[in-house]
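This briefing walks through one protein chain, moving from single residues to the chain as a whole. Please keep the sequence and the structure in view as you read, and find each residue for yourself.

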Amino acid sequence: MAQAKYDQIVQVLRSQIEEGRYAFRDRLPSEHTLAAEFGCSRNTVRKALALLASRGYVQAVQGSGSQVIYQRRPASTFLLGGIESLPEAAARNEVDLRTVMLSLEPTTVDQPLSERSGLKAGTPVLRVHRLRLLDGRPLILDTSWLLTSVVPVLTREVVETSIYSYLEDVLGVRVVSASRTVTVERATQEDRARLDLEDMGCVAVVSSATFDSSGLMFEYSCSRHAPAGFEFHGSALRLP
């Protein structure tokens, strides 16, 4: 699936901001300059800048262009306001990631999962259970339920590299939006056995419902994070 031009611009500008070419409070080049640089219309540039703003990288300043508001943080951070795979987040934060598939099985949505996720009971799904090691430390246990109508089959190789790359590059799924909830819960027996909890008895749980371009909720996931190094970063706009 061909990458949209505005997505290409977002990736380039995001990398330049993260690498320090444009520092905190710097102004990006004008829309006219960026349009000429990327060989596109100003509307395409505006779309890219709006997406960067929604992810907390820039802020539009009336009469003064786009100002960089991104600040690099020392801890590994995940984005609440954007959608990125864990491999993408690890690369952005320069963290070594290793994924271990614990189980992969076809199943159906039961009533408790239906009530938690909004998926219809009885719907066929693939259940994927993974352990994530960041810089060698087992810090995340995640479980995903993916509609088999969208993702009919997965392999260990895909699960241990990037499911989202497979969705977008092979299956042609356009991942558009997600709704997330973050809670703190008592650690389960599996959490204590698999995660590096140090002396803590709780985990941070991020539940996420993800939608494609047709509005179909094709995935529900639940990630259980060890408190050590857990940090989520988001941006916010004041409502009128």
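Arg-25 counts as exposed, because its relative accessibility is 57% and the cut-off for exposed is over 50%. The place of this residue, in a model that is predicted, is the loop that runs between helix 1 (5–18) and helix 2. Although Arg-25 is not a glycine, its phi is positive, at about 75°.

**The chain as a whole**

- The chain holds 8 helices and 10 strands, and of its 240 residues 42% are buried.
- If one takes the contacts between residues at least 6 apart in sequence, 59% of them join residues that are at least 24 apart.
- The accessible surface of the chain comes to about 13,000 Å², and carbon and sulfur atoms account for 49% of that surface.

**Loop residues**

- Asp-135 sits in the loop between strand 5 (124–134) and strand 6 (137–147), and its phi is near 50°, which is a positive value in a residue other than glycine.
- Asp-135 is exposed, since its relative accessible area is 52% and exposed begins over 50%.
- Pro-29 is found in the loop between helix 1 and helix 2, where it counts as partly exposed at 24% relative accessibility.
- When neighbours within four places in sequence are left aside, Pro-29 is in contact with Tyr-22 and Leu-34.
- Pro-29 and Ser-66 are 37 residues apart in sequence, while their C-alpha atoms are 8.0 Å apart in space.

**Helix 2 and helix 3**

- The axes of helix 2 (residues 31–38) and helix 3 (residues 42–54) come within 9 Å of one another and cross at roughly 105°.
- Helix 2 is therefore roughly perpendicular to helix 3, because angles from 65 to 115 degrees are placed in that class.
- On the side of helix 2 the contact is made by Glu-31, His-32, Leu-34 and Ala-35, and on the side of helix 3 by Arg-42, Val-45, Arg-46 and Leu-49.
- Sorted by character, the residues of this contact between helix 2 and helix 3 divide into 4 nonpolar, 1 polar and 3 charged.
- Thr-44 is also found in helix 3, and, not counting residues up to four places away in sequence, it touches Lys-5, Tyr-6 and Ile-9.
- Thr-44 and Leu-34 are 10 residues apart along the sequence, and the distance between them in space is 9.8 Å from C-alpha to C-alpha.

**Buried residues in strands**

- Thr-99 lies in strand 4 (residues 97–108), and it is buried because its relative accessible area is 6%, whereas the limit for buried is under 20%.
- The side chains of Thr-99 and Arg-132 are joined by a polar contact of 2.8 Å.
- Leaving aside neighbours within four places in sequence, Thr-99 is in contact with Arg-130, Leu-131, Arg-132, Val-159 and Glu-160.
- Ser-223 has its place in strand 9 (residues 217–225), and with a relative accessible area of 15% it is buried, since buried means under 20%.
- Ser-223 touches Ile-140, Leu-141, Asp-142, Ala-204, Val-205 and Val-206, again not counting residues up to four places away in sequence.

**A partly exposed residue in strand 6**

- Arg-137 is found in strand 6, and its relative accessible area of 31% makes it partly exposed, because that value falls between the 20% limit for buried and the 50% limit for exposed.
- If residues up to four places away in sequence are not counted, Arg-137 touches Arg-132, Asp-196, Glu-198 and Ala-228.
- With one of these residues, Glu-198, the side chain of Arg-137 shares a polar contact of 3.3 Å.
- Arg-137 and Ala-228 are 91 residues apart along the chain, and their C-alpha atoms are separated by 9.8 Å.

Terms used:
Residues are numbered from 1 along each chain as its sequence is written. This is a predicted model: local features need pLDDT of at least 70, side-chain atom pairs count only at pLDDT 80 or more; totals for chains, interfaces and linings use all residues. Side-chain values use heavy atoms; hydrogens and water are left out. Axes are lines fitted to C-alpha atoms, for helices over the stretch in contact, and angles run from 0 to 180 degrees between N-to-C directions. Helices (H or I, at least four residues) and strands (E, at least two) are DSSP runs, numbered from the N terminus. Angles under 35 degrees count as roughly parallel, over 145 as roughly antiparallel, 65 to 115 as roughly perpendicular and the rest as oblique. Contact means heavy atoms within 4.5 Å. Ala, Val, Leu, Ile, Met, Phe, Trp, Tyr, Cys and Pro count as nonpolar, Asp, Glu, Lys and Arg as charged, and the others, Gly among them, as polar. Buried means under 20% relative accessible area, exposed over 50%, partly exposed in between (1.4 Å probe, protein chains only). A polar contact is a pair of N or O atoms within 3.5 Å; within protein, one must be able to donate a hydrogen and the other to accept it, and residues adjacent in sequence count only if both atoms are side-chain atoms. Accessible areas come from the Shrake-Rupley method with a 1.4 Å probe; for residues, only the protein chains shown count as cover.
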